[in-house]
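User: I'm new to reading structures. Could you walk me through this one, feature by feature?

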Amino acid sequence: MIRRDEMIGATLNLGGTPISLDDYATTGLLAAAIAPRGMGKTSAGLLMAEQLSAQGWVSVLVDPENELESLYGDAVSDPDALRDALEARDRPIIVVNAKDAGEFVPFGEAILDAADQHRKPIFAMIDEGQLFSGSRRRRNGMGEAADIINEFAERGRKRALDLFITALRYTGTLQRTLFANKNLTLIGLQEDPTAWSALAPQFKASRIEFADLNALAPGEFMCLSRRGVEKVRMPMAAALKAVAPKAKPVAKTLPATFNQWTRAMSAIPTERLVELSEDVVGVLSTVAELSPQQILAGQAALQDELEART
Ligand SMILES: Nc1ncnc2c1ncn2[C@@H]1O[C@H](COP(=O)(O)OP(=O)(O)O)[C@@H](O)[C@H]1O
Ligand SMILES: [Mg+2]
């Protein structure tokens, strides 16, 4: 039996109960995040990459959107540079720019070769996986790219190659083999009720329903691991935190101190607070240009206040 020794004692902290990678020592990690744009899939991959790279992995971030170089340094210039970097293992996080399947293929081959030759832990994040591993369209190198990604998933285990892939939708975007074999799943906001039939089997043992998935905010996911299902609110990756814009100063008309806030809050009748449904809060927050963190904080405060009143 194959046992991935680097997994023993390693953990992932994705905002919920820490995930012990001991559970993945005989299988390796095949993780997927499914959510629409803007819901935190890329951030989730960065968080995992940062944590795994701190525990001995070299992370390779395959970036079709050219957004990660500014966070983790210049992308490798070509597949040979990637081969060299995976041999030297002196860069914990390596960015690969590949805007489509055709560009990805030679880099994917470099990753497979490195895994074969060195058998040292590599974490590959394939962002926007539907660009590389479509379930239907097999053109422009897509078939070849999909085959490589399937190799990652199938042979990765014995070669210490772990995979994280993101996709916009649950059905029709990724190859079935990936979906069938994934062992860590992050499901973010779902807006289409017809998607529920495909999702429901995974939530059978939990009390989670479509409405729960429909209410997820950016950075929130249902996390399905070997230990079960849990809603998680993900911390920001360190590199993102470093560049996040500072919160705007609070406008003077708003209460500034804790006492002012409690007084203002207690002046609002319960009937009105109850009317602040998630949708209403969403609209108001958008108008006020609040950050997702501010919205989450506000929702938590509202929840606390309502609970305190009942
Ligand atoms: N863990 C998080 N907590 C709060 N907000 C987040 C979190 N992750 C992402 N976001 C917000 O969501 C936005 C989109 O995140 P991103 O990872 O680029 O989404 P996606 O890759 O799904 O399009 C970020 O700019 C950030 O404002
Ligand atoms: Mg993204």
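User: Let's start with the ligand. How many residues surround ligand 1, and which are the closest?

Analyst: In this predicted model, ligand 1 is surrounded by 15 residues. G40, K41, T42, S43 and G219 are the closest of these.

User: Which helices supply at least two residues of that shell?

Analyst: To read this, match the shell to the secondary structure. Two helices qualify, α1 (41–53) and α13 (292–309). With three residues, α1 gives the largest share of the shell.

User: And how do the residues of the shell around ligand 1 divide by class?

Analyst: Sort each residue as nonpolar, polar or charged. Here the shell has seven nonpolar, six polar and two charged residues.

User: Now the whole protein. Which domains does the assignment give?

Analyst: The domain assignment lists domain 1 (5–240) and domain 2 (245–309). Their centres, taken over C-alpha atoms, are 35 Å apart. Contact between them involves four residues of domain 1 and four of domain 2. On the domain 1 side, three of the touching residues are nonpolar, one is polar and none is charged.

User: Why does the radius of gyration agree with a compact globule?

Analyst: The idea is to compare the value with what chain length suggests. A compact globule of 310 residues would have a radius of gyration near 19 Å, and the protein has 21 Å, so the two agree. The C-alpha trace spans about 65 × 40 × 40 Å along its principal axes.

User: What share of the residues counts as buried?

Analyst: Burial is read from how crowded each residue is. Of the 310 residues, 35% count as buried.

How values were computed:
Residues are numbered from 1 along each chain as its sequence is written. Chains are lettered from A and ligands numbered from 1 in the order in which they are written. This is a predicted model: local features need pLDDT of at least 70, side-chain atom pairs count only at pLDDT 80 or more; totals for chains, interfaces and linings use all residues. A residue is near a molecule or strand if its C-beta atom, placed from the backbone, lies within 6 Å of it. Helices (H or I, at least four residues) and strands (E, at least two) are DSSP runs, numbered from the N terminus. Ala, Val, Leu, Ile, Met, Phe, Trp, Tyr, Cys and Pro count as nonpolar, Asp, Glu, Lys and Arg as charged, and the others, Gly among them, as polar. Domain bounds come from an automatic or database domain assignment. Two residues are in contact if their C-beta atoms, placed from the backbone, lie within 7 Å. The radius of gyration is taken over C-alpha atoms; the globule rule is 2.2 Å times the number of residues to the power 0.38. A residue is buried if 20 or more other C-beta atoms lie within 10 Å of its own, exposed if 12 or fewer, and partly exposed in between; C-beta atoms are placed from the backbone.
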